[in-house]
Structure formats: C-alpha cells, structure tokens
Amino acid sequence: MRSSTWPNVSDRRLYLKAAEELRPNSGQWAAYESEGHCVVIAGPGSGKTKTLTTKLARILSEDVQEPRGVACITYNNECARELEQRLDALGIEPGGRVFIGTVHSFSLTQIILPYAKVAGMGLPGDFQVATLQEQRGALERAYDRVIARGEDPHRFWRLRMDRYRRSHLKRDTAAFREQDAKCAELVVAYEEELRRAGLIDFDDMPLLSVRALREHQWLQDAIKAKYPVLIVDEYQDLGSALHQMVMGLCFSTGIRLFAVGDVDQSIYGFTGANPVLLERLSQREDVETVRLRLNYRCGSKIVTASQYALGEERDYEAPEGAEEGTVFFHPVNGNYDGQAGYVFDTLIPDAMARLPDLRLGEVAILYPAAWIGDAVANAAQARGYATIRADGNAIYPRSSRLMRWLEQCGTWCCEGWKSGNPRFSRLIDEGCRVFAESLTSEESRLDFQRALMRLLWEHRENAMSLHDWLLSVRHEILRELFAGSRTLADESDTLDAFILKTAPGGANEEMTLGQFCGHGEGNNRINLTTLHSSKGREFRLVVMFGMDDGRIPRPNPNERETREARRLFYVGFTRAEEEIHMLHSANNPSPFVIELAERLEE
Ligand SMILES: Nc1ncnc2c1ncn2[C@@H]1O[C@H](COP(=O)(O)OP(=O)(O)OP(=O)(O)O)[C@@H](O)[C@H]1O
C-alpha cells in the first residue's frame, strides 16, 4: 500500500502545473478554488475530468490530512480506468487514501464488507456475491413462486425487474407495492431467494448501503471520518441509489461534494439513470454550480456540428485559435463485412496520407453494438491491423479489474522489468486492492509480493504461450487468493473462460504473452469499441461505423428511446479531435446522419 508521505513534492508540482492551465478559464478556476459543495455542468471536451482530477490532487495535498482521504465514484469500470490513468499523470495512484471506483464497489468495499454485521444488514457472516448463474437460478425460482406464466423470466422480466429495483429504493412504500404490483412481488421474491442462499447481487450493493446509511447516523459519520470529500464523475449516469447516498452523506452529514456531469451525455437511462437528478442537485442553494462553455477537444467545425448531431442549440465553442476539424460522410454499399473492408482499405490509408503523423492508437472505430464490432475486428485482423477492443465481445472484458491487473503483470514480464513501466510496486499495490479480502495482514502481503516477484521473474518471455503463462499465474498465485475471497467468483469465471480460449483447440490458442499485453505495439493499436464505451475518451480520428436507420435509433423507438439514441450519437461524435467519419449504408442512413448532413450543407 502507499506510504504516508504521499503525495510527494514532485507530485504537487504536477498538479500545480495542471492548475495553471485551468487559470485562464474562469469557470474551471472557480471550480478549482471552490471550498464548499460544487457541481460542474458542462458539455463534452470542456475539461470536466481535467478539473476534477486536478481538484482531487489539490484536496489530497492541501485540504484532507492523513490518514483521511477522498472517495471518487464514477459510472463503470471503464470510466474508473480512464480516471485512474489521468490521476496517474498527476502522480496519484488509487489505494490507501484514495478510493476510485464504481458506486457498486464503493458500497461493497467501504460499507457492506466492513459494516454489514454491526449495521444489521441481515446478511449471513459468510455471504457471497452471486455469480451470474446464481442470479439466474434465483430469478427462475422467484418467477415460479409469484408469476409462473410459462414465459422465459430472463427475457421478459430481468430488465424490468432490474429497473424497478433501481428506481424504488424503499420496499415498504405504497409506490413500490402498487406502481407495478407484479414486478414488486417478483423483486421481493428474488431478493428472498438470494438471501436464502446467502447471496447478494450487484444491485443489492448500493441498495443495502443506502438503507444502512439512512438507518444509522453513526455509519454516515464513520464514512465521513474516512472520506471527508466525495467526488463524483458522470453524475448524470448514476442512478437514484447514488443520489440518495449523496443526499445523506453530503447534505445531512457534511461530506463535501464535488460532482461533474452533462445531462446531454446521459446514455444509460435503460439502466435506471435519471439525468434530472443532476439538474436538481445544481439547483440547491448550498451548491456552487459552475457551467463551462469552451470545448478544448474538438476542432471548431466539429464543435458546431456536434450541436446538429445532438439536435439542440448549445452555446459551446472551441477556444480561439483552435484547429477547424473536418466531418466526412461515407455512404457505402454492401454488408458490414464489406463496409469494414472499406474502412481498412480506403478510409484509414487515405487518412494516414492526409495526416502523416497520425498513429493508429489515436484512431477509434465506434459502433452501436458489440456484434457489429465483430465485422470490424475481423476485417482489421485479415489486413494485419493491430487493434484493442473494449466492448462486450472482446476476447475478455477489459472492464475486469483482475484482467487489467494480469495485463499489467504481462507487460512487466515483456518489457516492464527493464523500463520500469509498470513499476513492480504498482503491481503489488493493485494486486493488494483486488485481493484485499485475502491479503489482510502485512505478512500475507509480503508473501504475495515474494511469490509474484518469483513467478514473473521466471516468466519474462514475450514469445511464451499465453496459455502457459496464465496457467502458472492461476495455479501459483491466484488459486489461494480466490479461495479467500467472497466477491471474486465472477472474476475467477472470467479468467477461466479466457484460459479455455487460449488452450489447445481454443479460438486463441496461438496467442503469446506479448500479444496479450500489446508488446511491441504499445499504444499503436486502433481502438474498437461501442458508442457507449467511448464515453469520456478522446481520439484524433473517429470513425462512427454502422450509422444506419434501425441501428441508431433502433427500430420503432418511442420518444424517450429516440432522445437517448440521439445523445449516444452525440457522445460518439464529440470524441473526435480532428476528423470525424460517418460511415453508413448508402441506401439506409440514420435520420441523425441525414439531419447532420443537411444542416452542414446549409
Ligand atoms: N483549460 C484547458 N486548457 C487546455 N486544454 C484543456 C483545458 N481544459 C481541458 N483541456 C483539454 O481538453 C480535453 C477535454 O478535457 P476533458 O476530457 O477533461 O473534458 P470533459 O469535459 O471531461 O469531456 P467529456 O465530457 O466529453 O468526457 C482534454 O484533452 C484536456 O486536456
């Protein structure tokens, strides 16, 4: 874990330098200087994350004294990963005094695991986090008990039940019982089935935490003692549970809040997120609200066009002297395989000729759904382009904390041991976080450190079979750590599924350790991801692939779905710095593309 002298002086210099970049922007500077609750609401590329990370560094260095710290909550593991990278550039690593993670992991690691027993959450001492299989079983049993109409409960009820659970935090209200009575019964039965098996699931985590916080003022005080400041990124996408938590922790207990978000980038309504909560927060009198207008990311033409992409007027603009940027349209005939071929045979080579210093790592191809990405990934592979894929069909989920840690360990074996990137101490720190439940004593952490060093040192070979490497790590390091953990069952399944893919006869049997961690290509791989997962990121050149009617928006959308699809289109569009390429079927463009082209024509 991090030593107590952190952040050190050189780190301070890093954030002070970053702060100087905020100074000319009066809004960013006001947020940086804020002393009470502060909410920054602003459009894409306006520096929300930059302001948030610089402010976090300042708070740690100047406001919050050891051993107290700061909790920083964001939407999903991808966003957490992005934040960690940006904080790393300011000399800040998570761990010790800084929590960076999702609302679920905050609830689990900071509230449920330490306090479940004393707060009387009604969980057995050895409760476990349910695997997907266990959740399915609980839903089937609950469905048979209270509905039993012969439908497939996963297909017809899962989403509906999840949304209901997330939007109704209290189980003892008339609204919960009556708004959708059948669903309410199913929720109660499902939660009973889980508890009967000694399990909690993902959605239980914030729900149980909010309930416990509401019931016990001492619990709120305990969280405040550890984290006197709460920082929230992407507030618009965090649902009512987090909002309730913020209301209690910040406005009744006095934890200081620093939150950023953008209602126009709210794209997770289908999971129960509600952008109105952010507006509501900003209207409070005890909150300083800062709005930002400049978009530092996108060229000036792209900033203007982004408002056509959103379909609403905004007063955003690029800073003076910004490049223009260009919007390209590519109507292409044929199926997705053919269109993906066009990207690698024509679009990218042309772009490389126009922008000779463009690196592949600065290019992203975004698509509306992971299965569409398969066509892109296959076309790239067939033409020898290296890619890095971060959607649900990637060969392993990049959002998995364990897999990220393994990637880092692999990088250390390939070149990191020589270059110090990543440092070995970093692997240990992150490993201690992932396996916090098993590594509870100084002695166990030292054993872990020794065993990991021995294993990685003996496996420093880029060309070695990934399968052999994974098996060794699984066997010699992870087996015991998994056994001592109640929360890593899914991570362990993810790893085992990946090990199977790399086994003889598996789809990735040829994969080497070097390929696994991108050795030799470094960051020089084209980024492939869904529009959803592109949130918070930026690239010099963005291709929006599959921008067809029926894909975005989906067929027969209602008004709410159309609005959310439009915001998704806007999120993808605003990832581009210099060039944005709209690729669509020649005879079936999305209505959003048509409107964008018409307005640009005007
Ligand atoms: N004051 C500034 N001066 C120069 N560059 C800046 C400034 N503020 C932000 N930037 C740059 O603008 C880009 C966008 O910043 P950032 O990612 O923080 O924006 P954001 O508001 O979080 O965007 P989004 O909501 O689209 O994810 C980054 O490259 C960042 O370094």
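How many nonpolar, polar and charged residues make up the shell around the ligand? By class, the count is four nonpolar, nine polar and six charged residues. Before going further, keep in mind that what you're looking at is a predicted model.

## Around the ligand

Let's stay with the ligand for a moment. There are 19 residues around it, and the ones that come nearest are Pro44, Gly47, Lys48, Thr49 and Tyr296. Two helices, α1 (9–22) and α3 (48–63), each supply at least two residues of that shell. The largest share comes from α3, which gives three residues.

## The sheet with β3 and β8 at its edges

Now for the strands. One open sheet is built from six of them, in the order β3-β2-β6-β7-β1-β8, and the pairing is parallel. Its edges are β3 (98–102) and β8 (287–292); each has a single partner strand, so one side of each is left without a neighbour in the sheet. From one strand to the next, the twist averages 15°.

If you'd like to see one pairing up close, go to β6 (residues 229–232) and β7 (residues 256–261), which run in the parallel sense and share four bridges. There, leucine 230 stands opposite leucine 257 of β7. As a bit of background, strands of a sheet pair through backbone hydrogen bonds, either parallel or antiparallel.

Two helices lie across β2 (70–74) and β3. One of them is α4 (residues 77–89), which runs at about 150° to β3. Helix α5 (residues 103–115) also lies across β2 and β3, and its angle to β3 is about 125°.

## The sheet with β9 and β11 at its edges

Further along the chain you'll find another open sheet of six strands with parallel pairing, this time in the order β9-β14-β13-β10-β12-β11. Here the edge strands are β9 (326–332) and β11 (387–389), and each of them pairs on one side only. Neighbouring strands in this sheet are turned by 20° against each other on average, ignoring direction.

At one of those edges, β11 pairs with β12 (residues 526–530) in the parallel sense over three bridges. To pick out a bridge there, look for threonine 387, whose partner in β12 is isoleucine 526.

This sheet has helices against it as well. Helix α16 (residues 336–354) packs on the sheet and touches β9, β10 (363–367), β13 (539–544) and β14, with its direction making about 150° with that of β14. Helix α15 (residues 300–310) lies across β9 and β14 (576–585), and runs at about 60° to β9.

## Helices packed on helices

Three helix pairs are worth a look, and here they are side by side.

| Helix pair | Crossing angle | Axis distance |
|---|---|---|
| α18 (residues 401–419) and α19 (residues 424–434) | roughly 160° | within 10 Å |
| α20 (residues 442–458) and α21 (residues 466–483) | about 160° | 10 Å |
| α15 and α25 (residues 591–601) | roughly 140° | within 8 Å |

Start with α18 and α19. Their axes cross at roughly 160°, and the two helices are therefore roughly antiparallel to each other. The way α18 passes α19 is left-handed. On the α18 side the contact is made by Arg401, Leu402, Trp405, Gln408, Cys409 and Trp412, while α19 brings Phe424, Leu427, Glu430, Gly431 and Val434. Sorted by class, that contact has seven nonpolar, two polar and two charged residues.

Next come α20 and α21, which pack at an angle of about 160°. These two are therefore roughly antiparallel as well. Here the crossing is right-handed. Ala451, Leu452 and Leu455 of α20 meet Ser472, Val473, Glu476 and Ile477 of α21. That gives a contact of five nonpolar residues, one polar and one charged.

Last is a helix you've already met, α15. Its axis and that of α25 cross at roughly 140°, and that makes α15 oblique to α25. This crossing is right-handed. From α15, the residues Ala305, Tyr308 and Ala309 meet Phe592, Glu595, Leu596, Arg599 and Leu600 of α25. By class, the contact of α15 with α25 comes to six nonpolar, no polar and two charged residues. So α15 has two settings to explore in the viewer: it lies across β9 and β14, and its residues Ala305, Tyr308 and Ala309 meet α25.

How values were computed
Residues are numbered from 1 along each chain as its sequence is written. This is a predicted model: local features need pLDDT of at least 70, side-chain atom pairs count only at pLDDT 80 or more; totals for chains, interfaces and linings use all residues. Two strands pair if DSSP finds at least two bridges between them. Axes are lines fitted to C-alpha atoms, for helices over the stretch in contact, and angles run from 0 to 180 degrees between N-to-C directions. Two residues are in contact if their C-beta atoms, placed from the backbone, lie within 7 Å. Angles under 35 degrees count as roughly parallel, over 145 as roughly antiparallel, 65 to 115 as roughly perpendicular and the rest as oblique. A crossing is left-handed if the near helix is turned anticlockwise from the far one by less than a right angle, and right-handed if clockwise. Ala, Val, Leu, Ile, Met, Phe, Trp, Tyr, Cys and Pro count as nonpolar, Asp, Glu, Lys and Arg as charged, and the others, Gly among them, as polar. A residue is near a molecule or strand if its C-beta atom, placed from the backbone, lies within 6 Å of it.
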